[in-house]
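Subject: Structure handover

Hello,

Here is the structure for your files. My notes on it follow below.

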Amino acid sequence: MICLLISLFVVTITQIVSIAPLEQLKLKLLDERFKDRGPIELKDPDVVIIEITQETYDEIPYQWPWPKTVFAHLIKNLNEAGVRAIGLDLIMSNPDNYYPKNDSILIESIRKYKNVVVAGKVDIERESKINKYTSFNEQEVHQGGVIKKVDENFGSIFYSADSSIGIVQVPNDNDGVHRRYRPFIYSSVTETRVPSFGFAVLNKYLNLDQRTTAINEEKFFVLGEKKIPKFNSNSMLINFYGADRTFPRYKMIDVLDDKDFQTVSEIDLETDLNAWDDPDFGLLYSDVFKDKIVLIGSTMPEDRDILAVSVSKGDVQGNNLMYGVEIHANAIQNVLRNEYIVKQPVSLEIALTFFFTIYAFFLSSLLRKYKKIKSSYIEYINILVTAIFIFIIYKLSIYIFEENNYIISIASPSLAVLLGHFGNTLYHFLKERKQNVMIKGMFSTYVSGQLVNQLIANPDQLKLGGEKKNLSILFSDIAGFTTFSEGKEPEELVAFINEFLDEMSEIILNNQGTVDKYLGDAVMAFWGAPLPIDNHAYLACKTAIEMNNKLLELQKQWGSQGKQAIGMRIGVNTGDVVVGNIGGKNRFDYTVMGDSVNLASRLEGANKAYGTQMMISGATYKMVKNKFLVRELDNMRVKGKKKPTRVYELLGFIDDPAAIDKLDKLKHYLKGLEHYKKREFGFAKAEFEKSLNLILEDQPSQEYFDRSNFYMENPPEQDWDGVFIMTTK
């Protein structure tokens with residue numbers, strides 16, 4: 001869904017809604033393609049430019065505007081040189097200033113050779129008043145507004161010569177750069193389609209009717225047998241061969257200067273130079289114009305026919321200027337050699353947008369799943385990969401343009417990749433936030449804040465649902481709670497229990513434990529889930545000792561307050577359990593289940609039979625024997641279990657002086673236990689008696705003293721294994 005929304009957003013802002021900064025970016029990227037591609041080698045071009053330079057103005061012995069006979073003479077000379085078509089990129093909207101008959105001479109010359117196109121220009125402002133809903137860049141331009149004469153409509157009095165006129169105005173984009181060329185212009189004034197200047201010249205070159213305009217098909221403009229790919233609805237994209245002066249240029253004065261034309265220099269020097277028809281060096285005999293299209297236009301900046309284009313000379317700002325006559329030359333040459341720039345179809349651009357959005361989104365997700373690297377580094381890697389991805393799109397687009405003149409969009413897929421990355425970032429942010437809220441809500445009352453933060457930082461370590469894990473489980477219970485609670489008001493009892501459980505729970509949480517539940521006055525906790533902990537048995541035993549020490553502090557506090565003191569029993573076991581969210585779909589708890597849990601509960605209760613406070617199983621002892629001091633209590637079989645369990649009293653840390661002292665006093669107990677296991681009940685009884693003399697009221701010593709005495713009178717069976725069967729929970 002996110003990918004779909006991102007793709008639709010990108011398609012909307014790139015294809016439907018015009019956003020100025022994005023449109024500007026697309027245009028600049030188009031220019032970058034030309035810059036990276038560089039100029040195209042133009043061998044033997046079909047178009048030649050005759051430029052009107054300052055020298056031309058200086059050498060023609062007339063003031064501007066020149067007599068029309070000058071252009072008639074120019075047309076004659078070019079046709080003698082074998083040109084195929086001539087384009088006069090000059091607006092001649094007024095009658096001749098020198099002699100009215102000169103207009104007729106030019107008209108007759110145009111009619112005679114039938115290969116001349118004259119330029120028409122339009123009054124955009126006036127036409128826009130007629131069609132105010134047409135934008136400047138895309139309007140169908142016309143000449144002169146509403147004027148009665150058709151020839152006056154297009155600003156040339158020579159339209160009537162043979163109707164060969166072409167509109168010279170080239171559309172510019174919003175940034176003022178001229179990249180496109182229109183095959184024709186539709187005039188709402190004359191209700192006709194008029195060829196653009198370049199296409200009118202092509203009509204002459206291709207021997208088409210002078211009024212022929214390109215057919216506007218869905219994907220192409222069709223001119224005769226030429227199919228010209230459309231860039232937008234009314235224009236082609238000019239495939240510039242290079243910067244200004246790529247096409248060969250010749251000075252107009254050199255084409256005029258024959259034996260019948262006197263230049264200013266020839267008049268002043270009183271000698272003929274004849275740059276055109278001199279037998280030794282004249283242009284007439286050079287064949288440079290044979291079968292060519294010749295465009296005649298000004299290359300003087302003051303004539304203001306210099307426009308910004310996509311290509312430039314170097315990186316200096318302003319070097320992308322090109323005279324209008326050469327822009328026409330580029331467009332004409334594109335059509336003659338079928339060297340078009342093809343734009344990818346909109347459907348393909350949309351498809352690629354969807355593809356790149358999905359690809360970037362899932363690539364970003366894939367990287368985020370790689371947990372061997374810090375999440376902060378993953379974000380940097382993601383940004384780097386996104387940048388590389390966009391760079392590859394850019395370079396690939398440039399390469400395809402260089403090799404095939406084919407435009408693959410850069411903006412759309414790059415935006416798709418960028419938004420795909422950020423969309424994935426937002427998706428994971430919201431997902432993690434939701435997950436964090438869930439984790440906090442689920443575990444904040446069970447485990448310490450430190451563990452909650454670890455779960456948030458490493459949610460993959462949390463596997464919800466049941467899974468089998470090796471954990472350590474602790475049960476604690478208040479000894480004699482029933483008697484203790486008698487005679488107390490409920491409020492007093494609840495306040496006492498809350499104070500006690502708060503102290504014990506804090507110790508559990510501080511030792512990375514998970515508080516499973518409170519069972520009245522009892523506490524159940526475990527270690528090793530939801531986060532794995534290697535030393536879970538150690539932490540469980542450490543917690544038991546600290547809880548017992550805290551109870552001693554509380555007993556002193558209660559005694560000083562005149563309150564009744566209580567005792568506590570703790571059982572710890574280590575083993576495989578099932579851990580996870582267990583319950584119904586609307587109500588569940590994160591808890592543990594299994595025989596190992598039941599055994600921990602039995603050990604807590606078994607303390608009562610041995611008069612001990614902390615009892616651990618053999619499985620737990622194996623994991624902590626180098627960390628704690630213990631006293632072996634028994635090898636007993638609890639109710640509901642067939643396999644016996646060796647149990648130990650937890651005395652304290654291995655370096656605890658009090659625990660060391662107590663273990664030293666238990667030396668007779670330990671000797672007695674060895675005799676007891678060997679069925680040497682008499683020796684065992686004597687050692688247990690010594691232990692009782694050393695440690696008064698030591699209940700385990702008393703228990704084994706009584707058992708030894710019993711077995712002395714009632715010897716056990718030969719297969720006796722020393723296992724004590726516990727019949728109470």
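A residue counts as buried when its relative accessible area is under 20%, and as exposed when that area is over 50%, with partly exposed in between. Please keep in mind that this is a predicted model.

Ser-691 belongs to helix 24, which covers residues 681-694. Its relative accessible area is 0%, so Ser-691 is buried. What is Ser-691 in contact with, once neighbours within four places in sequence are left aside? The residues are His-668, Tyr-669, Asp-698 and Ser-701.

Phe-391 is found in helix 14, residues 375-404. With a relative accessible area of 48%, Phe-391 falls between the two limits and is therefore partly exposed. Phe-391 also contributes to a nonpolar surface patch of about 620 Å². The other residues that make this patch are Leu-384, Ile-388, Ile-392, Leu-396 and Tyr-399.

The last item is a sheet. It is open and formed by 3 strands in the order 8-9-10, with antiparallel pairing. Strand 8 (215-216) and strand 10 (226-229) are the edge strands, each pairing on one side only. Strand 9, residues 220-223, runs antiparallel to strand 10 and is joined to it by 4 bridges. For Phe-220, the bridge partner in strand 10 is Pro-229.

That is what I have for now.

Regards

Key. Residues are numbered from 1 along each chain as its sequence is written. This is a predicted model: local features need pLDDT of at least 70, side-chain atom pairs count only at pLDDT 80 or more; totals for chains, interfaces and linings use all residues. Side-chain values use heavy atoms; hydrogens and water are left out. Patches are made of residues with over 30% relative accessible area and no salt bridge: like charges are joined within 9 Å, nonpolar side chains (Val, Leu, Ile, Met, Phe, Trp, Tyr) within 5 Å. Accessible areas come from the Shrake-Rupley method with a 1.4 Å probe; for residues, only the protein chains shown count as cover. A salt bridge is a side-chain nitrogen of Lys or Arg within 4 Å of a carboxyl oxygen of Asp or Glu. Helices (H or I, at least four residues) and strands (E, at least two) are DSSP runs, numbered from the N terminus. Buried means under 20% relative accessible area, exposed over 50%, partly exposed in between (1.4 Å probe, protein chains only). Contact means heavy atoms within 4.5 Å. Two strands pair if DSSP finds at least two bridges between them.
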